[in-house]
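Student: I would like a close look at one part of this model, taken slowly and with the strand pairing spelled out.

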Amino acid sequence: MVDNTHYEALGVPRDASADDIKRAYRKMARKYHPDVATDPDADAKFKAAGEAYSVLSDPESRAAYDRYGADWDQPRPEPDQQRAGAGSRWGGGFAFDDRDINADSFRDFFGGRFGGGFGGGFDRSAMQRDQHARIEIPLEDAVAGAKRAVTLQMPQLDQTGHVTMEQRTIDLTIPKGVMPGQQLRLRGLGTAGGDLFVEIAFQPHPVYRIEGRDLFVALPVTPWEAALGGKVKMPTPTGKVDLKIPPNARHGQKLRLRGRGLPGAQKGDLYAVLHIVNPPNLSQKARDLYRQLASESSYDPRSNLGA
Amino acid sequence: MKKAVKRNPSVDMIETLTLSELTIFCDTNADWVLGLVEHGIVTPIAKPSTELQFEPAHIARARKASRLMRDLGLNFAGVGLVLDLIEERDALARKLAMFDTYDHA
């Protein structure tokens, strides 16, 4: 059965040379590496390129793939030898990470991009292995703590010592105050009693920008709110609060709410960054009032532009 | 595919790892971690008399470095540059997203 999936994954023709294949793979690996790429499809493309390269970089497996297609590594005349060959492709040097995590499950539960996977190979002689996964959580989970059901695929050893992929759902408690890059250790949930490490990442947030433990909100205000000052409502991760705008506030001015950032031993701060916004429509009366203001003021904001 | 459900496993938040723990964590050897330190890619907590210890941000960076070096065939200098540039890019992207919210409708 002719199959082109692996050639398409690398963007090379079926008669590509070994050098072309290596070059194409290296280019794809650079472009779609999950630690580098921001493209939401990067994980899938990286994994597809790695699988393609693991098959096509070896002349024997490439020949078998060209002949039998997707089933190239199924047991044929000599099942044991074929299987050994299939197993060895996980041990390669310049090869891809074993990202056999079910990205779709992550998306189901977290709605965000999944950008990591399990490290480590299946070809290790040591039975007990730690496993690594990465999840993206909403900022609110780090602020308040949360419980999330996480589905992972991970290698497990059966009684005969064979590696099988097992789908696992874990009720994960996300502690309050976790930071991006923080590791959670789940003892005994790795392979054969090893530990499972889960790295925390934050989903991009529509309202808050995160810098360390500090949060920034772009807070729109009208020209008269900025001019007159006064209280406006603003969001915080734990609910709305009143923010006092000083009179004659500047566009871009930062107002700090101490301790309203990410929780932790050293609490972060929340900054409102003022954005002065005109209403989409001005009434006739508002226009008249602005005209009155224009005749009152001689301020020229362009005086140092030479205009 | 077998299925298993694990209810409420105990979760430890990792605050620091020692040099030997980080070595196991990155599936590598102590010399490799010390190479990262020598190139300023990760920095241990300043505690002179005890074994080197590393904080969460540096633990994550070390692991990312190990994946990038393995998958892309980078050396220490290369991976240090890549990690710095990724951090700069991400910080700029976050700032730009904020700027775009109101300044470029």
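Which residue of S7(A) does A:Arg209 stand opposite? Please set the answer in the context of the sheet around it.

Tutor: In this predicted model, A:Arg209 stands opposite A:Phe216 in S7(A). The two strands concerned are S6(A) and strand S7 of chain A, residues 214–221, which pair in the antiparallel sense over four bridges. In general, strands of a sheet pair through backbone hydrogen bonds, and the sense may be parallel or antiparallel. Seen as a whole, the surrounding sheet is open and has four strands of chain A, in the order S6-S7-S11-S10, with mixed pairing. Strand S6 (208–211) and strand S10 (254–257) of chain A stand at its edges, and because each has a single partner strand, one side of each is left without a neighbour in the sheet. From one strand to the next in this sheet, the twist averages 30°.

Another sheet offers a useful point of reference. An open sheet of four strands runs in the order S1(A)-S5(A)-S4(A)-S2(B), again with mixed pairing, and includes a strand of chain B. Here the edges are held by strand S1 (131–137) of chain A and strand S2 (11–13) of chain B, each with a single partner strand, so one side of each lacks a neighbour in the sheet. The twist in this sheet averages 30° from one strand to the next. Within the sheet, S1(A) pairs with strand S5 of chain A, residues 196–202, in the parallel sense over seven bridges, and A:His132 has A:Phe197 as its bridge partner in S5(A).

Technical notes. Residues are numbered from 1 along each chain as its sequence is written. Chains are lettered from A and ligands numbered from 1 in the order in which they are written. This is a predicted model: local features need pLDDT of at least 70, side-chain atom pairs count only at pLDDT 80 or more; totals for chains, interfaces and linings use all residues. Two strands pair if DSSP finds at least two bridges between them. Axes are lines fitted to C-alpha atoms, for helices over the stretch in contact, and angles run from 0 to 180 degrees between N-to-C directions.
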